[in-house]
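Please open the model in a viewer and keep the selection panel at hand. The tour below proceeds by selection.

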2 protein chains.
Amino acid sequence: MKTTPPSSSIEDYVKVIYSFTEWQDKPITSTQLAARLGVANSSVSEMVRKLKDQDLVEHEPYSPIRLTAAGLTLALSMVRRHRLLETYLVRELGYTWDEVHEEAELLEHAVSETFIERMSAKLGNPTRDPHGDPIPDAGGHITMAPSHRLDELDPGHRGRVSRISDHDPELLRYLEQHGIGVDTELQVVGRRPFGGTLVIARLPSPGAPSRTDDAGHLDLGDEAAVSLWLATVGTHPGCTVQEPAGGTLMHPHATGV
Amino acid sequence: MKTTPPSSSIEDYVKVIYSFTEWQDKPITSTQLAARLGVANSSVSEMVRKLKDQDLVEHEPYSPIRLTAAGLTLALSMVRRHRLLETYLVRELGYTWDEVHEEAELLEHAVSETFIERMSAKLGNPTRDPHGDPIPDAGGHITMAPSHRLDELDPGHRGRVSRISDHDPELLRYLEQHGIGVDTELQVVGRRPFGGTLVIARLPSPGAPSRTDDAGHLDLGDEAAVSLWLATVGTHPGCTVQEPAGGTLMHPHATGV
DNA sequence: ACTATTATTTCGGTATACCTAAATTTTTGG
DNA sequence: CCAAAAATTTAGGTATACCGAAATAATAGT
Ligand SMILES: [Mn+2]
Ligand SMILES: [Mn+2]
Ligand SMILES: [Mn+2]
Ligand SMILES: [Mn+2]
């Protein structure tokens, strides 16, 4: 029996299924998968059957889709490719952080394993991409400081920006213009009344005593707030978000699942 | 009407049609194209019709296939991509010259125009790839010193290796082991009797007075002889190959065809 | 000039990855 | 509980890029 390498489509399906569970653990549904891939629901139904035949996902009709161990391995390898490529484009070819996602999206399917490993070595085996996302190592292990989406944090929370979704280049350019990037120190100030925007403050210098002054205030729309993740450094009294226990969060894969 | 970008297959067809005429000018036939692409003749017939519909080739049934101006432009852009990628892989990622062809073969379809131009700039806009092949500039212009295939040269001819076909990685490793690479100075010594191998001599140091001593002799099989091109520096008496007139050979494209 | 060989195209099929519309199952709200 | 809405799958169909076998055109040898 000849084992065909996964097609680009299969690689994308598996990668998107994985990405959905990277920051929370509800498994992805058919419709959500279709939306993220930009294809019709019916296409997903067909492809999921194919993925199941290849033992990359578990799936019962009308229920959500979960990666198998083999599927997770493939997904992590794609995520590694994608994030290493983004890092390389920024560090070696002068790309800006808002340009790299699209380019990596195509390249990830075309480069060889050799290419990936030479690139990784040249970069010094980085562990975070230009948007703060963790880069799995060659063995599929991934580590990430516990973080929360900005829109889930109550006023008073302080933290370091640990990741920013790279999906919308415009948002990235906007944030950069306002001095917000990976590792920026931030504090949640509050919300404008009646479901208004989230107000945050940039903290002057990383490590220095945090001081919230008016100059650093910034209003963030919903789209921005859900795209920013904070590694919180202190819990405000009255906080409704509970801190995870450990200092690092190991992905299921690292613990053998 | 929406203009779809050429598929990878179309890009490959056009590139192979071009490559066939890069070093001689008989146009390629259906069967030759099929052989080089590794597909069935029937597939070529179908695809050539599609290429003709898209105005990339001229073709009458049962006759050879020629690129149109649009086809040539696309082909030269693919050749530029391929050769720049090969150069980049060698210079920036530590690839050896026998590894790059295969990798470039896939990458050329996946990288953006932006990627190509940033890469080219970083390399200082090189004009030759690791195998000596000329790299077209962004405008599709290409220049090459007039050269002859080693197997077409009579004994006595001297010259500088101007290009080596990169198709067979094993051949490249073999040549490297025997001290033959791009710009190596060479002299044709003769042929073993009764259709035997071609004997050549490596000339000691480039520019220095050429001296053929026994230590530098090497037998080349047919496959090797047709893969090596020499920019001849002197014509031996009794030569059957006529030297082209000009100092540089401009490709048809450069003169507007 | 004519036949045998070779080259090329046409024909009927396959695989992948999509789509829309219709059918079906699940979920929800009263 | 049960109908209406929402989610999901199935059915039927398209485009691309292949294939092998059959048909046809070109070419070569006598
Ligand atoms: Mn990305
Ligand atoms: Mn990223
Ligand atoms: Mn090559
Ligand atoms: Mn080359």
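The stops that follow concern an interface between chains and then a metal site.

Bear in mind throughout that this is a predicted model.

**The interface**

Begin by selecting the residues of chain A and chain B that are in contact: 18 residues from chain A and 18 residues from chain B take part. Between them the two chains bury about 1,500 Å², with 54% of this on carbon and sulfur atoms. On the chain A side, next highlight A:L93, A:F115 and A:R118, which lose the most area to chain B and together account for 36% of what that side buries.

Stay with A:R118 and display B:E99: these residues form a salt bridge whose closest N and O atoms are 3.0 Å apart. Four salt bridges are found across this interface, and nine residue pairs are in polar contact.

Now colour helix 4 (69-93), helix 5 (100-107) and helix 6 (113-122) of chain A, the elements that each give two or more residues to the side touching chain B. Helix 6 of chain A supplies the largest share, five residues. By type, that side of chain A divides into ten nonpolar, three polar and five charged residues.

**The metal site**

Move to the manganese ion (ligand 4). Its protein donors are B:E86 (OE), B:D129 (OD), B:H131 (ND1) and B:D166 (OD), at 2.1 to 2.5 Å. Their spacing in sequence is E-x42-D-x1-H-x34-D.

Then add the manganese ion (ligand 3), which lies 3.5 Å from ligand 4 and is bridged to that ion by B:E86. B:E86 belongs to helix 4 (residues 69-93) of chain B, whereas B:D129, 43 residues apart from B:E86, sits in the loop between helix 6 (113-122) and strand 3 (143-144) of chain B.

Are these two donors buried or exposed? B:E86 is buried at 0% relative accessible area, and B:D129 is buried at 6%.

Methods. Residues are numbered from 1 along each chain as its sequence is written. Chains are lettered from A and ligands numbered from 1 in the order in which they are written. This is a predicted model: local features need pLDDT of at least 70, side-chain atom pairs count only at pLDDT 80 or more; totals for chains, interfaces and linings use all residues. Side-chain values use heavy atoms; hydrogens and water are left out. Contact means heavy atoms within 4.5 Å. Buried area is the accessible area (1.4 Å probe) that two parts lose on being put together, summed over both. A salt bridge is a side-chain nitrogen of Lys or Arg within 4 Å of a carboxyl oxygen of Asp or Glu. A polar contact is a pair of N or O atoms within 3.5 Å; within protein, one must be able to donate a hydrogen and the other to accept it, and residues adjacent in sequence count only if both atoms are side-chain atoms. Helices (H or I, at least four residues) and strands (E, at least two) are DSSP runs, numbered from the N terminus. Ala, Val, Leu, Ile, Met, Phe, Trp, Tyr, Cys and Pro count as nonpolar, Asp, Glu, Lys and Arg as charged, and the others, Gly among them, as polar. Donors are N, O and S atoms within 2.8 Å of the metal (3.2 Å for Na, K and Ca); water is not among the atoms, so sites may look incomplete. Buried means under 20% relative accessible area, exposed over 50%, partly exposed in between (1.4 Å probe, protein chains only).
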